[in-house]
Each structure stands twice: as structure tokens, then as C-alpha cells.
Amino acid sequence: MTGTWILIRLILRRDRVLLPVWIAISALLPASIASSTTALYADQAAREAFAAATMSNPAQLATRGPIYDASVGGLTAWTLSSSAALIGGLISILLVTRHTRVEEEAGRRELLSSGVIGRHAPLAAALAVVLAGNLLLGLLSVPALVGNGLPAGSSVLFGLSIAAGGWAFAAVAAVTAQLTASSGTARGLAIAIGGLLFALRSLADTGGIGWLAWLTPFGWVRLTKPYAGDQWWVLGLVALFVAVLAAAAFALSTRRDVAGGLVPARQGPATGGLPGAFGLAGRLHRGTLAGFAIGFGLLGALLGVSARGLDAQLDTPQFQELAETIGGAGARISDVFFTFMMYVLSQLVTGAALMSALRARGEEAAGRAELLLSAPVGRLRWALSHLAFAIVGPALLLAVLGAAAGLTYDGDVGRVTGATLAYLPAVWTVVGIATLLFGMVPRLAAAVSWTVLGLFLVVDLLAEFKMASGILLELSPYVHVPALLLGSASSPVAPLLGLTAVAVALATAGLAFLRRRDLAPSS
């Protein structure tokens, strides 16, 4: 562990902007939700009516689970628990991977290890910063919650449950960073595991299989039940999960070479040829893309199975009235469920697309782009070779997700797949933002791109609680996607074409800036 404190200071220096922004936004959300709940539902009767309507909505059960208590605190915990775990988990995965596997891939870990730095210091420093950051944001949320009149003890438990989601996925990322030599694959594996664990929690709450919630961190953060019984002991499950995975990560790190993975890369000699920059990009992206495709296919099949019997199980006037309120006359309950789930999963697909879009920046930072561009390869052809996979990749993932869900749901593969692919222009818009940042400010491209995606998630969350409207809500590309399964738009083509045009304009501007700037090999 020699040198751990020095590396902690280095991480804090490098992330001196990203960490405070993430912690501040995450810490302010709980109090904002609590204040909004008080304003929207003036008395207990109104809150109980809202809870009763929500508990009859399978889509809300799938995304957030049941409401344990209809108080202001209980509704605040219900609103944020799963969402905070999802957002905090994603950021924790990115930070742990950035300060472990990315450092090795770029060669900086080997340089540091030539000095007085212990073998376990880099991983220990990354985990220490990310775990402490999650703890800090959880504790900082407590005073404002208490200021809104909520019990102090329950507020502390709620803050710790928010932190617990980030802790769990920081530990997951620590393990996946030991398995592969590629930072993209390590991130992809961790995010895929997160998606599977989220699906298990959704299945537990919608399919009547309650015990499944005890197998996933998304279930644990809810089962702490702040403001509804305060089950503190559940945090012990999170602590045990983190301790076991962290110990496994340290053990695995001793069984591999620096800059290598526990699963070794396939050795040469290479077979076949590389037809230019696009052939090389294909070799770099194909493993990650294949892994994501398998993961989203399994996730889609699981969703289809979980929704297959909803129309029969919930065939009551109350449920049907709810479905028609959301989706119009004749809307099916299962279609409402699918629409909510595809909305959430499209944002996970965006994360996979961002990895492909930012791969060019990784090649540039590592110095490999400069070597490639010294050959007769133009900048545009090199950048487009990676951008192509950020365009085609999410189309493949959404198609696989929709086809698997449609096949296991009602056999109408075309209808469900088409509704899923409608989110593609929104995904491309985020890719366009990343491309623009890559062309303008390459050193900040990755951090800002992921922050932008996180802000879109926050805006969508606030909108669901009527805390975002007007121009703020319009900034999220996902709100412009028509819900095709519900027939919510008479002319669904117009918003999709508009989003596509915005994505093309952003990407074109980014490529134009790339042609005019110097290479920035160091991160």
C-alpha cells in the first residue's frame, strides 16, 4: 500500500472539477424531492392517493419498486433510491475504471510503479476516493432533509443508502478492471452487470418474486426502508458485498501482469488483414460490442418474460384506466411497462455508445493515434472509423434488446423492436455532443460527456416529479422520443428527424474542429 496517500492526492487533483459537481448535485437532490413532495401533496390523504395509484402501475414498480410509506420521507426515498443507485453506480464505475485500468492502458501505472509505489496502492487509492465521495454526498444530503422536517435518524439512513449504491458498483468495477486489459471492456462488463442487477430488482417487484430483491444492491438500497421502519442492518449486506469484491479485486491483481488482464488477450500471429483505419477500429471495438449485444439480449429476454402476463394478471378497471390515462384509449398495461423500461435502458445504451465515441480520444491520449496518423491515414478517416461504431453500435444494441424482448413477450418482434429503435436519434445526439467536445476540448471530452449524460438523467428524474419543465425539460433528447407502443404521436417521424439533424450537426462541427487542432496525447 506504499504511496496510497500520494495517489489519493493525485486523483483529487485530476478530478477537482468532476468530483465536487457530482457530489453537490447528488447531495442537493434529496432535499429538492422532499420539498417538492410537500408542495405537491399538501396532506396525508393526497399522498396516500398518489401512493395507491403508483402501486397499481407496473411500470413504476419496475423502475422504482413499491412505496413502503406514504409520508413525505417515504415518497422521497421511493423516488430517489433506485435512481440514485443507478446514477451513483454509473459514476463510480467510470471513476474506478479511470484511475485503475485506464492508467495501466496509457502506461502511466508502469511509470509510477518504477518509483516507491506499492502494487496495491493504485487500486486502494481509487476505491478510497470513490467510496469516500459517495459517503460524503450521502452525509451532505442529511442536513437539508432534516431542515425539511424529516426525522434525523431516518435521514442519515437514507443518505447512507444513497451512498451504498455507489459503493457496490465501485467494488464491481474494481473486479472487472482486473479481468481485461481494455478499459472499455472493463467498463462495459461493469455496466452490463449493473443492468442485469437492475433487471433482477425490477423482476422481483413486478413478477411477485420478492426474494430476488435480496440478491441485488438495487434491492438492498430500497430494503433499508428509511422513514418506513429503518432497517439499518441491511447496510451490512452492502458492506459485506463491497468487502468481498474489494478483497477479490486485490487478490486478482496479484495474479496478473501490470497492463495485462487476468483473461489474457489472444496471442498472435495475427490472421487476415486490416483494411485501413476502419479495419483497425473494427478489431478494437468488436469485443466490447459483442459483449454488450449479449448482455442487452439477455436483458431484453428477461423483460419480455416479466411482462408477458401483466395484461391478464392486472385486468381490472383501475389498471386499465391507468393504462389509458398514460397511453390513450386501448393502451395495454404491458405496453406502458415496456415504454418505461425502454426509456431507462436507452440511457444505458447511450453509455455503451459513449465508450465507442470516446475510444478515439483514448487512442490519442495513449499516443497511438499519432503513430497511426504518421502513415497515409487522414484525421477524418481515423475519427470516422471510431465514430462509425458509435453510430452503428447503439442501433445494433437497441435492435437486439427490442427483438429479444418482443420474442419473449408476445412474439411481435417488429412492433417492439421498432419502438425500441425510436430511441436511436436520442442516443446519437449524446454521441454528437461527445464528438463536438472531442474536437474542441479533447482533454475534457470524456469527463464532460459523461457529466452531460448524468445531467440528462437528473433532468428526466426531476421531470417525473414535476420539478423540471419548459426549456430545462426540452434540453433532454429522450423526452422528444415518441412512445410508439402507446401511439403517443400522430407524426412520430418529425421529432426523430429533428434529433438526427441535431446529432449530425454536432458531429460535423466536432470533426471540423478536429481537423484544425493539435493532437493532445496526454490526458
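The lining of the second largest cavity in this predicted model comprises, by class, six nonpolar, two polar and three charged residues. This cavity holds about 120 Å³ of space. Its lining is made up of Leu7, Leu10, Ile11, Arg14, His99, Thr100, Glu103, Arg109, Leu112, Pro122 and Ala125. Arg14, Glu103 and Arg109 in this lining belong to the charged class, whereas His99 and Thr100 fall in the polar class. Two or more lining residues are given by each of helix 1 (4-14), helix 7 (108-113) and helix 8 (121-147). Helix 1 supplies the largest share of the lining, with four residues.

The search of the whole structure returned nine cavities of 30 Å³ or more. The largest of them has a volume of about 160 Å³. A total of 14 residues line the largest cavity, and those closest to its centre are Leu86, Gly89, Leu90, Ile191 and Leu348. Helix 5 (72-98), helix 10 (183-206) and helix 16 (333-357) are the elements that each give two or more residues to this lining. By class, the lining of the largest cavity consists of 10 nonpolar and four polar residues, with no charged residues. Gly89, one of the residues closest to the centre, counts as polar in this scheme.

The two linings can be set side by side. In the largest cavity, charged residues are absent from the lining; in the second largest cavity, three charged residues are present. Nonpolar residues number 10 in the lining of the largest cavity and six in that of the second largest.

Definitions and conventions: Residues are numbered from 1 along each chain as its sequence is written. This is a predicted model: local features need pLDDT of at least 70, side-chain atom pairs count only at pLDDT 80 or more; totals for chains, interfaces and linings use all residues. Side-chain values use heavy atoms; hydrogens and water are left out. On a 1 Å grid over the protein atoms alone, a cavity is a set of points where a 1.4 Å probe fits but cannot get out, and a pocket is an open set with protein on both sides within 12 Å along at least five of seven lines; lining residues have an atom within 4 Å of a point. Grid points are joined across faces, edges and corners, and a volume is the space filled by probe spheres set on the points.
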